[in-house]
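Colleague: Could you take a close look at one of the short strands for me, and then walk outwards from there through the rest of the chain? Keep it informal, please, as I'm coming at this from the bench.

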Amino acid sequence: MTDKQLKQADTKRRTFAIISHPDAGKTTITEQLLLFGGVVREAGTVKARKTGNFAKSDWMEIEQKRGISVTSSVMQFDYAGKRINILDTPGHEDFSEDTYRTLMAVDSAVMVIDSAKGIEPQTKKLFQICKMRGIPIFTFMNKLDRDGREPMDLIDELEEVLDIEAYPMNWPIGMGKTLTGIFDRYNHRVELYKHDDPSVMVELDDDNNPVDNVELSEDPQFEDAKDNIDLLETAGNQFDTEKIKTGDQTPVFFGSALVNFGVKTFFDAYLNFAPAPTAHKTEEGEAIDPASDEFSGFVFKIQANMNPNHRDRIAFVRVCSGEFEKGMDVNLFRTQKKMRLSNVTEFMANTRENVKNAVAGDIIGLYDTGNFQIGDTIYTGKQSIQFEKLPQFTPELFVRVAAKNVMKQKSFHKGINQLVQEGAVQLYTSYSTNDYILGAVGQLQFEVFQFRMQNEYNSEVTMEPMGKKTARWIDPDQLDERMSSSRNLLVKDRNGDPLFLFENNFALRWFADKYPDVKLTAKL
Ligand code: G4P
């Protein structure tokens with residue numbers, strides 16, 4: 001590609017994740033977006049795949065035809081002149097640190113909320129990671145076809161619980177059985193809810209009265225919506241693109257993913273404001289221009305292949321600059337070694353443009369035989385670069401781990417060291433007993449760990465669940481081992497830094513009261 005082509009390709013990319021609490025409707029909305037992109041033809045396909053109700057042959061046909069793996073961790077398709085990359089952030093039982101790290105590789109996020117439930121715990125956790133990165137966050141209040149909470153309540157809760165300004169882009173006219181449509185503030189029109197045709201639009205005049213639609217002008221629910229819009233105009237937040245860019249304001253869209261109501265309007269508006277790939281910072285603080293001639297990227301996730309016949313792993317690389325070409329030679333910063341990238345999985349659709357190469361914003365999957373670690377930077381060119389370190393996330397779940405066969409300590413230690421280095425789980429050792437304790441964000445990480453220990457290192461492990469704990473680090477100078485009790489277990493992390501694993505928040509408060517001068521810190 002010439003410089004100009006590269007720049008054009010970069011600016012077309014929109015790379016984002018959909019974050020939500022399980023059951024808010026992430027799969028359903030993803031499916032609608034894939035429908036818009038022509039990746040799937042029928043609603044229900046992704047869902048059926050998720051629940052296993054889908055004939056495998058049909059599925060493979062779709063994948064072959066489209067050249068895209070729809071349920072994989074990365075979904076790429078073209079829509080409205082943009083190339084969309086959706087990165088999956090598993091909720092459910094798959095919830096893990098990978099989910100968090102995936103958010104390091106996106107340029108914006110869509111937050112899906114169930115309008116009957118409001119902000120739920122997993123949404124909050126994922127939101128906080130996005131907030132920390134200062135990336136734009138767009139909110140979709142889902143399930144408007146069902147009775148939910150008062151829209152104003154939902155907006156208030158969003159602002160209060162998440163500490164972000166909300167700007168409603170539209171407002172519901174009725175809800176559940178009485179849903180008539182949405183007042184689309186952004187496009188200044190009403191989108192009517194009709195079961196047979198999801199996109200009947202009614203224009204509004206300058207006084208917000210419907211043009212040529214008596215039924216709507218006489219609908220008391222429409223009057224209500226108008227009153228609310230007036231209230232928002234006078235007392236609500238101002239629409240502020242600068243604040244959206246920095247993640248300080250979230251545009252909020254009401255709609256229903258299941259009946260495909262308001263989803264297209266949302267997506268079109270979203271694409272207007274969602275940013276193209278921006279410069280990524282190196283450890284030295286230099287910003288790498290996405291349109292730079294030299295290729296660069298970082299590994300944000302390593303996925304073990306759960307098939308015991310294939311021990312390979314896939315390292316997911318977010319391209320940050322230049323152009324990736326199959327078979328190219330790159331440098332790996334950590335080892336300062338050169339390597340050839342020939343064994344690659346692409347997540348690209350067979351598009352008309354037929355650009356086989358990946359540019360900034362795209363994700364490539366490299367088959368890995370142990371060369372990569374999470375956070376690794378790869379690049380071409382003379383200048384050695386390393387992107388900013390990925391943050392470590394404070395684990396919440398803990399297990400005590402040991403080798404089942406005490407005679408097999410060597411393979412146990414080898415396996416545990418490598419997997420910990422790879423970032424699969426966090427390792428701690430207790431001060432008093434030297435027991436090994438593993439920490440993770442989600443249960444799945446332990447299961448993957450156990451599976452890989454057995455399959456890759458021939459080491460059977462026993463895991464004794466310790467449940468949820470609150471981890472807090474303590475300054476070694478302030479540490480007195482007598483501070484440790486049954487309610488706050490004292491352990492060392494991988495770097496030898498001391499921390500307490502508190503039984504619960506009550507134990508944490510008790511500790512803070514007892515030792516008011518001791519400073520405790522959480523990682524994230
Ligand atoms: P997730 O990926 O966030 O976990 O959620 P998913 O899309 O699987 O949706 C969870 C449930 O909510 C599904 O129902 C889905 O059909 C339903 N749902 C999603 N969006 C809407 C919506 O806009 N309106 C309504 N009324 N329901 C919605 P389910 O009973 O678990 O599955 P299914 O048997 O209906 O497929």
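Modeller: Let's start with strand β7, residues 170–173, bearing in mind that this is a predicted model. N170 and P172 point one way from β7, while W171 and I173 point the other way. Whichever way they point, these four residues are all buried. The partner of β7 is strand β8, residues 181–184, and four bridges join the two. The pair runs antiparallel. If you want one spot to click on, take P172, which stands opposite I182 in β8.

From there, hop to strand β1, residues 13–20, where eight of the eight residues are buried. Both of its faces are covered. R13, T15, A17 and I19 sit on one side, and R14, F16, I18 and S20 sit on the other. In other words, the buried residues here include arginines, R13 and R14, alongside nonpolar ones such as F16 and I18.

Now for what β1 pairs with. One partner is strand β3, residues 82–87, in the parallel sense and over five bridges. Within that pairing, R13 has R83 of β3 as its bridge partner. Another partner is strand β4, residues 108–114, again parallel and again with five bridges. There, I18 stands opposite V110 in β4.

Next, the nonpolar core. The largest one in the model takes in 126 residues, and A109 and V317 have the most contacts inside it. Strand β15, residues 313–321, gives the most to this core, contributing six residues. V317 is worth a closer look: leaving out residues up to four places away in sequence, V317 touches G297, F298 and V299, then I363, I364 and L366, and also I378.

Stepping back to the chain as a whole, you're looking at 14 helices and 30 strands. The chain has 524 residues, and 42% of them are buried. Take the contacts between residues at least 6 apart in sequence: 69% of those join residues at least 24 apart.

Among those strands is an open sheet of eight, in the order β26-β23-β25-β24-β28-β29-β27-β30, with antiparallel pairing. Its edges are β26 (461–468) and β30 (520–521), each of which pairs on one side only. For β30, the pairing is with strand β27, residues 470–474, antiparallel and over two bridges. You can spot that match by finding W473, which stands opposite T521 in β30.

A couple of asparagines have backbone angles to check. N434 has a phi near 60°, a positive value in a residue other than glycine. You'll find N434 in the loop between β24 (426–430) and β25 (436–440). It has 8 C-beta neighbours inside 10 Å, so N434 counts as exposed. N208 also has a positive phi, about 65°, although it is not a glycine. That residue is found in the loop between β10 (200–203) and α8 (214–217). With N208, the neighbour count inside 10 Å is 16 C-beta atoms, so this residue counts as partly exposed.

On to the ligand. There are 17 residues around it, and those that come nearest are G25, K26, T27, T28 and L258. Helix α2, residues 26–36, supplies the largest share of this shell, with three residues. By type, the shell splits into four nonpolar, seven polar and six charged residues.

Finally, how confident the predictor is. The mean pLDDT of the protein chain is 87, and 88% of its residues reach 70 or more. Residues 53–60 fall below 50, and that stretch has six contacts in the model beyond near neighbours in sequence. Residues 349–355 are also below 50, with 11 contacts counted that way. For the complex, the predictor gives an ipTM of 0.97 and a pTM of 0.87.

Note on methods:
Residues numbered from 1 in each chain as written. Predicted model: local features only at pLDDT ≥ 70, side-chain atom pairs only at ≥ 80, totals over all residues. Near = placed C-beta within 6 Å. Pairing = 2+ DSSP bridges. Buried ≥ 20, exposed ≤ 12 C-beta atoms within 10 Å, placed from the backbone. pLDDT = per-residue confidence, 0-100. Contact = placed C-beta atoms within 7 Å. Core = buried A, V, L, I, M, F, W, Y, C linked by C-beta atoms within 7 Å.
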